[in-house]
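Thanks for coming, everyone. Let me put the model up and walk you through it.

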Amino acid sequence: MAYITQDPTPGPAPVRIGLIGSGWMGAFHADSIARRVPGASLAAIADPNVESAQTLAGKLGAAKVTASAEDILADREIDAVIIASPARFHASLIAQAAAAGKHVFCEKPAAQGLEELGAALTAVEQAGVHFQIGFNRRYAEDFQAAKRDLAAGVAGTPQLLRSLTRDPGTGSIPNAARVPAWTIFLETLIHDFDTLNWFNEGAEPVEVYAVADALVEPSLREQGFLDTAVVTIRYSNGAIAVAEANFSALYGYDVRGEVFGSKGMVQAGRSTETAARRYTAEGLAADTPRLNVELFSQAYTDELADFAAAVRAKRDGGLPPSSAFTLTPVGAHARRALAMALACIESVKSGAPVAVTEKAGV
Ligand SMILES: NC(=O)c1ccc[n+]([C@@H]2O[C@H](COP(=O)([O-])OP(=O)(O)OC[C@H]3O[C@@H](n4cnc5c(N)ncnc54)[C@H](O)[C@@H]3O)[C@@H](O)[C@H]2O)c1
């Protein structure tokens, strides 16, 4: 006689996540939660553009759709939120979510100023919730392999560091006139700043000197639009770094990082979509990643898996995920990278190097 046996101990309840902001990045995060992150479920979506939230919920099966983030924050069934609204709302949403007892994953930047970030992180601390910032590059396999090597001392003492972002483009930038001021520092290079800080762990960024221009859209130079920038950074351990960005690489999405030190060099950054190569009469060709969600699909998923595991550990009293090296980007990392972006803005305005300070109003 055959018996069907069932394990009587139920598994841990999934981490129920509410999405705030269902645009480009929010939609991808929702898709990851609903389809690729184990132990997490997409419980609700909030967006003032309710149609966008409804369309996404219809595709992914989220039970609740609302125009207001407050509905999600008041919902006792929701453990955590992903904030993927425009940057100007981040700091107040973090503070409100923490006050409502929700764990928070927030897209970068966590804030647009150090004072509002300070208030948001104080709310996080007071509520005792988990906070993670969306510095996804840390989760890309090649960046993690480089970090593992650096933590093992492969490059020796860092002397030169480099990080670059070239966003995919067509040679002109759609809706460039509506891109918020200083986006290149606050939303693009902020990733590079975190990568450099992570690769040069233990050292503090001391000073930045930023040069920026509108080279893709020169007609918008007069109104302050910037699409190209180079930043040099001095670190407290003497290392000198360069970060650079451009908004229109015709060959695709190009993100790289490098540390050169006393013992050697470590590099990260995948320039081709697959390992396949095409050899023809014209020469050698390969496909390149075109979109952020292609290049960083695995990283975007793994950062949320890390978040869900940390929330589950906090909620259920288990052990948080462990790693052989610093991995999860938290409030202090968000603050350090933002302080660098803000110092870059001052540097462009003054044309001179600017000290990096993590204190508001200094
Ligand atoms: N990590 C990355 O690689 C990466 C890539 C792209 C964007 N981002 C970040 O994600 C965030 C969103 O960018 P995006 O490209 O998805 O923008 P988007 O404009 O496509 O989407 C923003 C969405 O937020 C909604 N929204 C506006 N106000 C809101 C509010 N108060 N509450 C809730 N939702 C609100 C809008 O209606 C829109 O649907 C930005 O901070 C951006 O820097 C990160």
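Let me start with one side chain position: is Arg336 buried, partly exposed or exposed? Keep in mind that this is a predicted model. Arg336 counts as partly exposed, because it has 18 C-beta neighbours inside 10 Å, and the buried class begins at 20. Arg336 sits in helix 10. Leave out residues up to four places away in sequence, and Arg336 touches Asn197, Pro205 and Glu358. Asn246 is another matter. Arg336 and Asn246 are 90 residues apart along the chain, and their C-alpha atoms are separated by 22 Å.

Now step back to the whole chain. The chain divides into domain 1, residues 15-129, and domain 2, residues 138-295 + 333-355. Their centres, taken over C-alpha atoms, are separated by 27 Å. The contact between them takes 9 residues from domain 1 and 11 residues from domain 2. What is the side of domain 1 that touches domain 2 made of? That side has 7 nonpolar residues, 1 polar and 1 charged.

Next, the core. The largest nonpolar core holds 107 residues. Ile94, Val104, Leu189 and Ala341 touch the most other members. Helix 10, residues 331-350, gives the most to this core, with 10 residues. That is the helix where we found Arg336. The core draws at least three residues from each of domain 1 and domain 2.

Take Val104 from that list. Which residues is Val104 in contact with, leaving aside neighbours within four places in sequence? They are Ala80, Val81, Ile83, Ile94, Ala97, Ala98, Val124, Val129 and Phe131. Three of those names, Ile94, Ala97 and Ala98, come back among the buried residues of helix 4.

So, helix 4, residues 90-99. Here 8 of the 10 residues are buried, so the helix is largely enclosed by the rest of the structure. The buried ones are His90, Ala91, Leu93, Ile94, Ala95, Gln96, Ala97 and Ala98. What covers them? The cover includes strand 1 (15-20), helix 3 (69-73), strand 4 (80-83), strand 5 and helix 5. After helix 4 comes Gly101, with a positive phi near 80°.

On to the sheet. There is an open sheet of 7 strands, with mixed pairing. The order is 12-11-7-10-9-8-15. Which strands are at the edges? Strand 12 (265-268) and strand 15 are, and each pairs on one side only.

Let me go through three of the pairings. Strand 8, residues 205-213, and strand 9, residues 228-235, pair in the antiparallel sense over 8 bridges. One bridge to look for joins Ala210 to Val231 in strand 9. Strand 9 also pairs with strand 10, residues 240-249, over 7 bridges, and these two run antiparallel. There, Arg234 has Ile240 as its bridge partner in strand 10. Strand 8 and strand 15, residues 354-355, run antiparallel too, joined by 2 bridges. Val208 has Val354 as its partner in strand 15.

Now the backbone oddities. Most residues other than glycine have a negative phi, and most peptide bonds are trans. Where does this chain depart from that? The peptide bond from Lys108 to Pro109 is cis, with omega near -10°. Pro109 is in the loop between strand 5 (103-106) and helix 5 (114-127).

Then there are two positive phi values in one loop. Asn175 has a phi of about 55°, although it is not a glycine. Asn175 is in the loop between strand 7 (158-168) and helix 7 (183-199). Trp182 has a phi of about 65°, and Trp182 is not a glycine either. Trp182 also lies between strand 7 and helix 7. How exposed is each? Asn175 is exposed, because just 6 other C-beta atoms lie within 10 Å. Trp182 is partly exposed, with 19 other C-beta atoms within 10 Å.

Last stop, the ligand. How many residues surround the ligand? There are 24, and the closest are Gly21, Gly23, Trp24, Met25 and Glu107. Helix 1, residues 24-35, supplies the largest share of that shell, with 3 residues. By type, the shell divides into 10 nonpolar, 10 polar and 4 charged residues.

That's my tour. Over to you for questions.

Methods
Residues are numbered from 1 along each chain as its sequence is written. This is a predicted model: local features need pLDDT of at least 70, side-chain atom pairs count only at pLDDT 80 or more; totals for chains, interfaces and linings use all residues. Two strands pair if DSSP finds at least two bridges between them. Helices (H or I, at least four residues) and strands (E, at least two) are DSSP runs, numbered from the N terminus. A residue is buried if 20 or more other C-beta atoms lie within 10 Å of its own, exposed if 12 or fewer, and partly exposed in between; C-beta atoms are placed from the backbone. A residue is near a molecule or strand if its C-beta atom, placed from the backbone, lies within 6 Å of it. Ala, Val, Leu, Ile, Met, Phe, Trp, Tyr, Cys and Pro count as nonpolar, Asp, Glu, Lys and Arg as charged, and the others, Gly among them, as polar. Domain bounds come from an automatic or database domain assignment. Two residues are in contact if their C-beta atoms, placed from the backbone, lie within 7 Å. A nonpolar core is a set of buried Ala, Val, Leu, Ile, Met, Phe, Trp, Tyr and Cys residues joined through C-beta atoms within 7 Å.
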